[in-house]
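Trainee: Please take a close look at one part of this model: the empty space inside. Then tie that part to the rest of the chain.

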Amino acid sequence: MLGLCRGRRKFLAFSLFLLFIPALTWLYLSVGNFQVRHLPLSPLEPQSSPLIGGGGERQALELRMREVEEENRALRRELRQPPLSPSRPQQQQQQQQQQQQTGHHGNRSAPRSNEEGTGDSGRQRHKQVVAAVAGNGSECAHQPVVDKCETIHLAIVCAGYNASRDVVTLVKSVLFHRRNPLHFHFITDSIAQRILASLFHTWMVPAVRVDFYDADELKSEVSWIPNKHYSGIYGLMKLVLTKALPSDLKQVIVLDTDITFATDIAELWAVFHKFTGQQVLGLVENQSDWYLGNLWKNHRPWPALGRGFNTGVILLLLDRLRKLRWEQMWRLTAERELMSMLSTSLADQDIFNAVIKQNPFLVHQLPCFWNVQLSDHTRSEKCYRDVADLKVIHWNSPKKLRVKNKHVEFFRNLYLTFLEYDGNLLRRELFGCPSETDHNSENLQKTLLELDEDDPCYEFRRERFTVHRTHLYFLHYEYEPAADNTDVTLVAQLSMDRLQMLEAICKHWEGPISLALYLSDAEAQQFLRYAQGSEVLMSRSNVGYHIVYKEGQFYPVNLLRNVAMRQVNTPYIFLSDIDFLPMYGLYEYLRKSVVQLDMGSTKKALVVPAFETLRYRLSFPKSKAELLSQLDMGTLFTFRYHVWMKGHAPTNFAKWRTATTPYRVQWESDFEPYVMVRRDSPEYDRRFVGFGWNKVSHIMELDAQEYEFVVLPNAYMIHMPHAPSFDITKFRSSKQYRVCLKTLKEEFQQDMSRRYGFTALKYMTVEHNS
């Protein structure tokens, strides 16, 4: 009985202690210097940085009080129940979407940390929390802290089309969890630089800086090393980062492209504070038996310390490495080992391990949850007891998502979540941190502020200035234009509902194609699976697929056309639409017409007559004679003759039936033919979105620039039937849509008059008379 009473008194005292925490905190804030530290939920958790006030003293105090009260409530919940598993990215994505809709951005709670890395049980965590509250967590006082506004530097080697696509998932996972400014250092070939520079320029993520370093200039430093690894010469580039990166950069986190983060990268950055003595490399032990040399008979790996270390995640102290003459160190080691090993099997990892074998003092061993290596036959499952303990997942097997692991479903789902995550949601501001001036962003904001939000056509006008995240060359592309300067690229744009047209177009057009696809992140992955599963598409390396990610309520048809046009590397472009099939042999016919009509020295727009069918199954005419026969039988029609005759009437189909030579036609109001022009022709006007006047305005500008319209007598294309687009439905059902389109037309004509003067007056006169 006496023991029970004592137990109740202890429980009562402990409860009173918890209740007095807010009061004690308030007193501390009142008399202290307002340097409030985040109260960790575990004695091993990194502390968050002090809140940097942006307003008056009273506001700063209120913010800190709310933060402390929230942490106290969380602490009391932790004591009452077992620790909750971390929220999944899907849940945070839903929360962020709700925040964007309501205009609020809440601060996320600090991620948990378990610096020992073996996955403590719920009871152990509970004891750690109680110890922290009771003041028994002395380790907390020595836990390294990353300042709230400290820039974290990341270096990534990336080369080629596929790696450029893979690195986006890594970047998304880092941005999803981050709270600090980031500076990405990409060592790239020209292909990856072109893709990633465009992507980050259009992504416009606040507090993110990107620099590129030409890998071709570094090849000579490592090209002498024979390498059997599938990464090729780029798999050796991490050895020369001390030379490639700026001399004033002191430390950097180096990552492979097949990494996925499950926590804030600032936690890893904080580990630099734990380096002691001459430690300059932070690495996780290799989790396979590769360097033990017992995988198969006569297996002879490079020398390594124990199991060796994996270089998928590296912490580099660059300033110390340079002082230690790192370049000379690894070169001498590599030269000596290559005398007997002849080549590397695991690229830079072999050489890093050989250096560490001789100089073990260089390495600071990281807990293995900082690089959980998901390849077959690894010990990765010993790095954690629960998947909630994971920090970084490394898909370092050639099998990637098909790797064997008892938790592979969890890992795969986490990866796929970031793969399909809406990248637009990652355009989050880091409040309280000064950032470098982004002139593009400033100019965009200034332009948007000048728009009148009460204007009924505000959304139309705003769409003209919307910056859409763009990923060029989503799939491998390889094409060198013909040397005779007659080559022509088919240009088109599409959304997910027209995907089925791709194979048919590739069968009809053997030349290069440039396509802009308007997709969400999830749809982009569906397209990737569709393309990789198509023998027709995979057999073509001369088709450039450029993803323009969805944003806003309108289909930015002319932006898509411009994106596709800009990526053309042939002297001529054939401006088509995705629901048209060109006649067989049109590619070669257009190239011959370039010579015949002297396209190189004259401004001509070659018109390809357009027809349509209402039949989903059509015996496609193989000649003009067959087409005329089907036209007479009613299987084919001149394009839009029954709803929009003005669009193609100037082509003069009656004359085309008997024509044997090219003939010239004059521009008329609402003329919108499909044409081949030089690559340097004017772009489409972005103010026209969705349905209406998007091609008409472009043809009008060609005429204003004195292009001559010439109809080809033996060329044709056929429009295939499909369900009406969402935009044409809006045009037909919304009076305001039609009113705004009319307003935009008038403004475009006025702009034409200002640009082209007297020449453009006819456009306003014709429109007024019609």
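Mentor: Helices (H or I, at least four residues) and strands (E, at least two) are DSSP runs, numbered from the N terminus. The model is predicted, so local features need pLDDT of at least 70 and side-chain atom pairs pLDDT 80 or more, while totals for chains, interfaces and linings use all residues. Residues are numbered from 1 along each chain as its sequence is written, and side-chain values use heavy atoms, without hydrogens or water.

Now the cavities (1 Å grid points over the protein atoms alone where a 1.4 Å probe fits but cannot get out). The whole structure holds 5 of 30 Å³ or more; volume is the space filled by probe spheres set on the points, joined across faces, edges and corners.

Take the largest cavity. It encloses about 60 Å³. Its lining (residues with an atom within 4 Å of a point) consists of R561, L575, S576, D577, P673, Y674, V675, Y684, K695, H698 and I699. Strand 21 (674–678) and helix 23 (696–704) each give at least two of these residues. By class, this lining has 6 nonpolar, 2 polar and 3 charged residues. Here Ala, Val, Leu, Ile, Met, Phe, Trp, Tyr, Cys and Pro are nonpolar, Asp, Glu, Lys and Arg charged, and the others, Gly among them, polar.

The second largest cavity has a volume of about 40 Å³. Y473, Y477, T489, I513, S514, G544, H546, Q567, V568 and N569 line it. Strand 13 (513–519) and strand 14 (543–549) give two or more residues each. The second lining has 4 nonpolar, 6 polar and no charged residues.

Strand 13 also leads in confidence. Its mean pLDDT (the predictor's confidence in each residue, from 0 to 100) is 98, the highest among the elements, while helix 4 (residues 122–133) has the lowest, 36. The chain averages 81, and 77% of its residues reach 70 or more. Residues 1–5 stay under 50, with 0 contacts beyond four places in sequence; contact means heavy atoms within 4.5 Å. Residues 79–88 are also below 50, yet this stretch has 13 contacts beyond near neighbours in sequence. Where pLDDT is low, the predicted coordinates should not be read in detail.

Elsewhere, look at helix packing. Helix 11 (residues 326–341) meets helix 12 (residues 348–358) at about 100°, with axes 9 Å apart. Axes are lines fitted to C-alpha atoms over the stretch in contact, and angles run from 0 to 180 degrees between N-to-C directions. That makes the pair roughly perpendicular (65 to 115 degrees). W326, M329, W330, T333, A334, R336 and E337 of helix 11 touch I351, F352, A354, V355 and Q358 of helix 12. These residues are 8 nonpolar, 2 polar and 2 charged.

How values were computed
Parallel < 35°, antiparallel > 145°, perpendicular 65-115°, else oblique. 1 Å grid on protein atoms, 1.4 Å probe; cavity = no way out; pocket = protein on both sides within 12 Å on 5 of 7 lines; lining within 4 Å.
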